[in-house]
Amino acid sequence: MTSTAPFLIFFLGALLVLLTRGRAQKITLLAVPLAGALNLFWLGAGAEWRVAFLDYELTPVRVDQLSLLFGYLFHLAAFLSIVFSLHLRDRLQHVSGLLYAGSALGAVFAGDLITLFVFWELLAITSSALILARRTPEAHGAAMRYLTIQVGSGVILLSGVILRAAQTGDIAFGQIGLDGLSGTLIFLAFGIKCCFPLLHNWATDAYPEATPTGTVFLSAFTTKVAVYCLARSFAGAEPLIYIGAVMTMFPIFFAVIENDLRRVLAYSMINQLGFMVCGVGLGTALALNGAVSHAFNDVIFKGLLFMSMGAVLYRTGKIDGSELGGLYKTMPWTAGFCIVGAASISAFPLFSGFVSKSMVMAAALEEGHPLVWLALLFASAGVFHHAGIKIPFFAFFAHDSGLRPKEAPLNMLIAMGLAAMVCVFNGCYPWLLYSFLPWPVDYQPYTAEHVLTQSQLLFFSALAFCWLKLSGLYPPELPSVNIDAEWVYRKAIPAALHRAYRVSGALRLEALARLQRRLQGVLRGIYRHHGPQGILARTWPTGSMAFWTTLLLGVYLIAYYFL
């Protein structure tokens with residue numbers, strides 16, 4: 001059997017979707033990820049394609065165990081996202097979704113940094129279309145900010161690649177490390193896409209403004225490509241341990257007070273990315289397996305949660321917790337699937353998060369980082385509050401909003417049902433997922449100690465939520481917008497630019513006034529000498545002029561004769 005580059009199937013599929021409509025278009029959409037997965041199976045680990053380019057040898061396709069796992073994950077995520085969006089008649093979203101998924105596959109199978117850069121920028125362009133597709137002023141503004149940051153990340157990546165190529169002549173996409181400026185620039189570029197603290201706001205700003213189906217695509221690819229890149233190039237980098245620990249904690253506080261439930265999930269995504277980043281930083285086989293397996297599980301359960309909120313938004317047109325509630329009465333299947341996603345992200349036993357998140361926490365203790373372990377423990381309790389309880393409670397239960405929408409469309413329910421099945425299967429039987437991990441696995445998640453510890457944590461976290469809610473101390477769902485570090489570029493920088501413009505305008509006016517006064521002085525001098533009454537404009541007697549001319553000529557002749 002012959003095989004082709006994984007991204008080509010999605011790019012060609014996007015072209016076919018652009019040229020078809022109706023049933024043929026839907027069949028094409030479903031066939032693309034299935035054909036891609038079959039092609040990936042034929043390709044197999046160890047495949048490598050090389051192409052000469054100028055003075056370098058590019059590797060547009062390199063398949064190993066790490067890229068293969070992410071490849072299968074992205075095909076599964078693309079299939080679920082496509083099923084969820086089948087009811088749409090929007091070519092822009094369908095084509096952009098396929099191109100976006102294909103760009104993600106191109107990035108994870110890239111064997112050199114130049115190829116990675118190309119797909120890195122394609123990720124930015126294709127994903128921004130899923131935000132613009134909502135066609136609202138808010139979505140347009142968010143898409144422009146998103147695109148600026150994502151393209152900026154690519155510029156930083158290219159700068160690091162050029163420096164590395166100039167210094168070492170090496171453009172291989174492998175272990176890089178933080179030695180030198182080139183490694184630091186590449187690390188920063190990966191960090192932007194991975195939502196490092198203070199670099200994360202593009203996600204909480206743009207994801208909630210995307211279409212109900214577009215957000216499902218967005219949650220699956222960009223940040224997970226960044227996790228893959230960190231695992232490929234910076235495994236064992238100690239700063240990642242502490243960056244990841246901070247990432248797990250700070251989103252909790254913003255998610256608790258956030259009203260927009262899709263923005264809550266965006267903060268929750270950063271929280272989960274923190275576990276992956278911390279695992280990559282620890283760098284052991286257990287930690288890296290935990291990071292990679294949690295990335296796999298997160299794509300599915302976070303996609304499931306975004307699907308449930310997308311279905312709510314599609315049916316009600318509302319997504320703020322203050323405007324929802326009581327939807328379980330007419331959307332029971334969506335509510336049930338949402339609870340499965342909430343249990344998975346909260347790491348309940350028998351759900352997928354339980355079998356992957358604990359690997360990172362165990363590795364933190366094994367490597368002598370008790371404070372980091374405590375941070376991860378706190379974050380595990382916090383995610384149960386804002387994603388495990390808050391999302392299903394305020395959307396489907398809480399107060400009765402009076403909304404009685406229809407159940408989600410059949411294709412949405414099928415996609416959510418498939419994602420829920422994967423969450424439960426991986427939680428009950430994790431060994432199939434473990435068999436695909438790139439490093440040897442020697443870990444048993446279902447020990448009495450682990451089950452008891454996690455159950456106690458979840459129980460007391462739920463008890464704390466109930467007490468805070470009943471006592472009135474839990475932050476109410478207010479119709480407001482909360483911004484954190486994005487205040488810098490959404491408020492501070494525009495205000496500073498406006499102020500600078502006003503100050504520069506005043507200085508410009510003052511400079512023009514001074515120039516005008518100087519010009520007026522010059523003109524007055526010219527007028528004084530050359531005007532009608534000026535000395536150069538007076539009438540001189542003709543005899544006097546002849547006398548002085550003769551005198552000057554005589555002086556000249558005498559001087560010329562004697563000298």
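## Exercises: a surface patch, a covered helix, unpaired cysteines

Phe425, Tyr429, Trp431, Leu432 and Phe436 make up a nonpolar surface patch with about 480 Å² of accessible area together. The model is predicted: local features need pLDDT of at least 70, side-chain atom pairs count only at pLDDT 80 or more, and totals for chains, interfaces and linings use all residues. Residues are numbered from 1 along each chain as its sequence is written, and side-chain values use heavy atoms, without hydrogens and water.

**Exercise 1.** Place Tyr429 and state its exposure.

*Solution.*
- Tyr429 sits in the loop between helix H17 (410-428) and H18.
- Its relative accessible area is 44%. Tyr429 is therefore partly exposed (buried is under 20%, exposed over 50%, partly exposed in between; 1.4 Å probe, protein chains only).
- Helix H18 (residues 431-436) supplies the largest share of the patch, 3 residues.

**Exercise 2.** Describe helix H12 and its two ends.

*Solution.*
- H12 covers residues 261-282, 22 residues.
- From first C-alpha to last it reaches 32 Å, close to the 32 Å expected at 1.5 Å a residue (1.5 Å times one less than the number of residues).
- Of its 22 residues, 22 are buried.
- At the N-terminal end, Asp260 is the cap: a side-chain oxygen lies 3.0 Å from the backbone nitrogen of Arg262.
- Just after H12, Gly283 has a positive phi of about 80 degrees.

**Exercise 3.** Why does Cys195 form no disulfide with Cys194?

*Solution.*
- A disulfide needs two cysteine sulfur atoms within 2.5 Å.
- The closest cysteine sulfur to that of Cys195 is in Cys194, 6.8 Å away, so it is too far for a bond.
- Cys338 fails too, because its closest cysteine sulfur, in Cys423, is 11 Å away.
- The whole structure has 0 disulfides.

Note on methods: Helix = DSSP H or I, 4+ residues; strand = E, 2+ residues; numbered from the N terminus. Polar contact = N/O pair within 3.5 Å; in protein donor to acceptor, adjacent residues only side chain to side chain. Patch = residues over 30% accessible without salt bridge, like charges linked within 9 Å, V, L, I, M, F, W, Y side chains within 5 Å. Areas by Shrake-Rupley, 256 points an atom, 1.4 Å probe, with all protein chains shown as cover. Salt bridge = Lys/Arg side-chain N within 4 Å of Asp/Glu carboxyl O.
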